Amino acid sequence: MGVDGSQPHELRAVVVADAEGYSRLMASREAETHTLTTACLKTLVDLIGDHGGALVKTTGDGAMVEFPSAIAAVQYGIAVQNRLKEQNAEIPDEMRPRFRIGVHLGEIMREGGDIYGHSVNVAARMESYADPDGICVSEVVYDLVKRSLPVGFESMGTHELRNLDTPLTIYKVLTDLPSSALNPSPRTLPAPLSLPDRPSIAVMPFTVASGNEEGQVLAQGLSEDIATCLGKFEELFVISPQSSSFYEGRKRGDVKAAQELGVRYLLEGGVRISGERLRVRVVLIDSMTGRNLWSEKYDRQLTDIFAVQDDVAFVIVSTLAGRIKRVESSRRNELVTQNLKAYGEVLQAREHLWRHTPEDNARAQIHFLAALDHDAEYAPACAGMARARNYDWQFSWGDVPESGLEDAVSWAQKAVSLDRSSARAHAELGFSLLFTKKQDLAIAELREALELNPNDCDIMAELADTLAFSGQPDEALDLIGRAMRLNPSYPDAYLWYQADAHFSARSYNEVVSTLARMTNPNMGSRLLAASHGHLGQTDKAAFYAKEVMKTQPGFSVNAWVAKQPEINAGEADHLAQGLLKAGLPA
């Protein structure tokens, strides 16, 4: 209990499951319904331990479970629904209990073995919106898991929920998934990867011992920042934070993660926020022996968070590579600012940016501009604005898309002028220049970005795509392969870039097989339409042409091709002919 007599708050993901139509089933077949529902509830309880959760309570037709992370909670929900489908496959539909599941992350309070509070109420409301055999999650859960699980989502819009003051956006989880989605392991790791010839490390998602949603975001940002800082040293092989995030919720010291990621060392950490102080504990683990090689605790004012990051990064680098001399790394961090509000706004903006929808692109810009209100010289916010405005121009989003590319170049140039050591700033300038058809300058900026951060797999992938547009598909494919090795759980964009290189090489079947691995195939619809068009597969080409028109109703082949980076007329015509063969309007 708090010093003022109040109950302490804890940050937890809450899962509420309930049998749909239970009263109706009991009225018609009481004995059978009771037996079947009891068996289903046993399955719900049996699966909790596999995902690190704890049972709060069961009712006659449902259960409430808590988890330390949103990822673990969603994985549990998917596992439950898939197991129940298998378990009840032979039961007639009219007799089968069908559960609805809701998930929310927020602060809870405990009393008498139960939990209560606003977050519990929200989780219950999420459950009521789920389909039978389905899962619904709140926006905060969606934000945390969408890039970390091979799961599809469908927005159900914003709703006024009973007894809740603030409207909430609800997302449906698309649960028709392979078994690989049930466990927190990367989708592209069928077997352990061999160790690189350099000291290799993965920074695992930091846990939050206590705190609110801000603490969760802070822990995520800190682990990502440490990985970014380590990646600047060529002596090290550093796994992308995106791949490491798949292991959120795993038990501490799980050396299997190192084998799956192909690294020798794991860095684990925990964050505790107490008043205005930030406490961080880190442990370095040798996966070959399972031994803790080094551990350290840090206690700082929240305004010193970046000093904590640099301290941790320096000690790890020194431990893994004794040849590395002490360096001043504080100015090399791309997220340098002493303003935590600016930092938090950029973290939120990036989550919206990578959803790749017009609405989220607009929201990303609101957050980037808010970051600049807090710190007018914050280079990452300027770099983010460059990417968002570029998307406005490419996809005709926003109120003034026609000026988007000019704005993108301007924002990227400002980011570089504010921090010439920022790899992301140079990468965004290269990305913007690419679409002005200044390919040589774009390649030069991206190569400089990669020199500043040799392990930044996103920059590798973006350089690969630029090389593909420049008629260098072989180098592009080699580079994207390296990026995928550094980020074994790479996002869809990597497959998009790889497909661009295959298309440039006229390897249309490779384009199709590459894009088939995307979790969101809408991004690849244009290239799939063009590839099937060149292959003479008219039905498939027409199908993807329709998908293009759904997402871009005013699509025009000539207008789209004119926006593409190719400066070679033959390459531009190659794309145009494929799109026209698919039946897209000129």
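A residue counts as buried when its relative accessible area is under 20%. The views below show a predicted model.

**View 1. The whole chain holds 23 helices and 14 strands.** The chain has 586 residues, and buried residues make up 56% of them. Consider the contacts in the chain with a separation of 6 or more. Residues 24 or more positions apart account for 66% of these contacts.

**View 2. Helix H2 crosses helix H3.** H2 spans residues 30-46, and H3 spans residues 70-87. Two packed helices are described by the angle between their axes and the distance between the axes. For H2 and H3, the axes come within 10 Å and cross at roughly 145°. The crossing is right-handed. On the H2 side, the contact is made by Ala39, Cys40, Thr43, Leu44 and Val45. H3 contributes Tyr76, Val80, Arg83, Leu84 and Gln87. Of these residues, 7 are nonpolar, 2 are polar and 1 is charged.

**View 3. Phe67 and Tyr76 form a tilted aromatic pair.** The count of aromatic pairs comes to 10. A pair of aromatic rings is described by the distance of the centres and the angle of the planes. Between Phe67 and Tyr76, the distance is 5.0 Å centre to centre, with 45° between the planes. Are these two residues, Phe67 and Tyr76, buried or exposed? Both Phe67 and Tyr76 are buried. Tyr76 also takes part in the contact of H2 with H3.

**View 4. Phe431 and Phe435 pair within helix H14.** H14 covers residues 423-435. The two phenylalanines, Phe431 and Phe435, are 4 residues apart, about one turn of the helix. Why is the pair of Phe431 and Phe435 edge-to-face? Planes over 60 degrees apart count as edge-to-face. The planes of Phe431 and Phe435 stand at 65°, so the pair falls in that class. Their ring centres are 5.2 Å apart. Phe431 and Phe435 are both buried.

**View 5. Two positive side chains lie over aromatic faces.** Arg387 lies over the face of Phe431, at 3.7 Å from the ring centre. Phe431 is also a partner in the edge-to-face pair with Phe435. Lys563 lies over the face of Trp393. Here the distance from the ring centre is 5.2 Å.

**View 6. Five aromatic residues form one cluster.** The members are Tyr391, Phe395, Trp397, Phe555 and Trp560. Ser396 lies in the loop between helix H12 (379-395) and helix H13 (404-418).

**View 7. Ser396 and Lys437 have positive phi values.** Most residues other than glycine have a negative phi. Phi of Ser396 is near 55°, a positive value. For Lys437, phi is about 65°. Neither Ser396 nor Lys437 is a glycine. Where does Lys437 lie? Lys437 sits in the loop between H14 and helix H15 (439-452). Lys437 is partly exposed, with a relative accessible area of 33%.

**View 8. Phe543 lies in helix H21.** H21 runs over residues 538-551. Is Phe543 buried or partly exposed? Phe543 has a relative accessible area of 45%, so it is partly exposed. Leu528 and Phe543 are 15 residues apart along the chain. Their C-alpha atoms are separated by 9.5 Å.

Terms used. Residues are numbered from 1 along each chain as its sequence is written. This is a predicted model: local features need pLDDT of at least 70, side-chain atom pairs count only at pLDDT 80 or more; totals for chains, interfaces and linings use all residues. Side-chain values use heavy atoms; hydrogens and water are left out. Axes are lines fitted to C-alpha atoms, for helices over the stretch in contact, and angles run from 0 to 180 degrees between N-to-C directions. A crossing is left-handed if the near helix is turned anticlockwise from the far one by less than a right angle, and right-handed if clockwise. Contact means heavy atoms within 4.5 Å. Ala, Val, Leu, Ile, Met, Phe, Trp, Tyr, Cys and Pro count as nonpolar, Asp, Glu, Lys and Arg as charged, and the others, Gly among them, as polar. Rings of Phe, Tyr and Trp (its six-membered ring) pair if their centres lie within 6.5 Å; planes under 30 degrees apart count as stacked, over 60 as edge-to-face and the rest as tilted. Buried means under 20% relative accessible area, exposed over 50%, partly exposed in between (1.4 Å probe, protein chains only). A charge sits over a ring if NZ of Lys or CZ of Arg is within 6 Å of the ring centre and within 35 degrees of the ring normal.
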